[in-house]
Amino acid sequence: SQSYGEEFANKLADKLGYLCISREEIMEEATRQKIPIGKLETAIIKPHIFSEDLALELEHYKSLATSFLCEKALNDNIIYHGRTGHLLLPGIDHILKIRVIADIESRIDVVMRKLSLSRTKAKQYIDQLEQDRRRWVKQFYNVDWDISSLYDVVLNLSRMNVENAATAVCSLSQLPEFQVTPAITKSIQDLYLASKARLILATNTKTSNMNLKVRANNGIVYVIYLAQQ
């Protein structure tokens, strides 16, 4: 929170000529498709039991977010800024995964200025927001978002400005490890197909309440379900 991540993503997109996508765009699409994203967020950050129905809705949202990003990635080079969004694309190996951080005093100053809060209130705001986001990532992916091995690069924007950080990452993005290959394109196509199929099953009255696992390989969709279903 307030670590200049959005500013960095937009600056990097400008420099590379890539499409920049925010988490808010995916949430808006989820709302259009009647996935109760607000209820999901509330259930995750509030200390009470997470119901089976909400767990299914979370899977539906995950499928939507994955299909959304895959569709964009099949048509353009993209930069996504959100909460560990690269975990929505398992098996896609060429993604450059970046964590952006800043020191707490810089972040407090930003919140004080933007929200007209006292230093104490600004610190409380940041602490609560980070706690909520940490709970979301843990529930969504079952990982701790600040484990460094989840990322290729950690950028401390207290040590460099957004412009210079974006320039440095432009060079990184051109390395062979982060280039699209035919095999990667195929993997994205299969992931897109599987996530779209999962969404269709979520909207069908006969299958909407079933705990299904869906994958695709070479354009063929496989649906895994419990024996009693």
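Colleague: What volume does the second largest pocket have, and what makes it a pocket?

Modeller: The second largest pocket has a volume of about 440 Å³, meaning the space filled by probe spheres set on grid points joined across faces, edges and corners. It's called a pocket because it is an open set of points on a 1 Å grid over the protein atoms alone, with protein on both sides within 12 Å along at least five of seven lines. This is a predicted model: local features need pLDDT of at least 70, side-chain atom pairs pLDDT 80 or more, while totals for chains, interfaces and linings use all residues. Residues are numbered from 1 along each chain as its sequence is written, and side-chain values use heavy atoms, without hydrogens and water.

Colleague: Which residues lie nearest the centre of that pocket?

Modeller: Thr66, Pro90, Leu191, Ala194 and Val214, out of 21 lining residues (an atom within 4 Å of a point). H8 (182-203) gives the most, with 7 residues.

Colleague: What makes the largest cavity a cavity?

Modeller: A 1.4 Å probe fits there but cannot get out. The volume is about 50 Å³, and Arg23, Tyr61, Tyr80, Arg83, Leu88, Trp136, Phe140 and Tyr141 line the largest cavity. H6 gives the most to that lining, with 3 residues.

Colleague: How do H5 and H6 cross, and why is that called roughly perpendicular?

Modeller: The axes (lines fitted to C-alpha atoms over the stretch in contact, with angles from 0 to 180 degrees between N-to-C directions) of H5 (residues 104-115) and H6 (residues 119-141) come within 9 Å and cross at roughly 110 degrees. Angles of 65 to 115 degrees count as roughly perpendicular, so H5 is roughly perpendicular to H6.

Technical notes
Helices (H or I, at least four residues) and strands (E, at least two) are DSSP runs, numbered from the N terminus. Angles under 35 degrees count as roughly parallel, over 145 as roughly antiparallel, 65 to 115 as roughly perpendicular and the rest as oblique.
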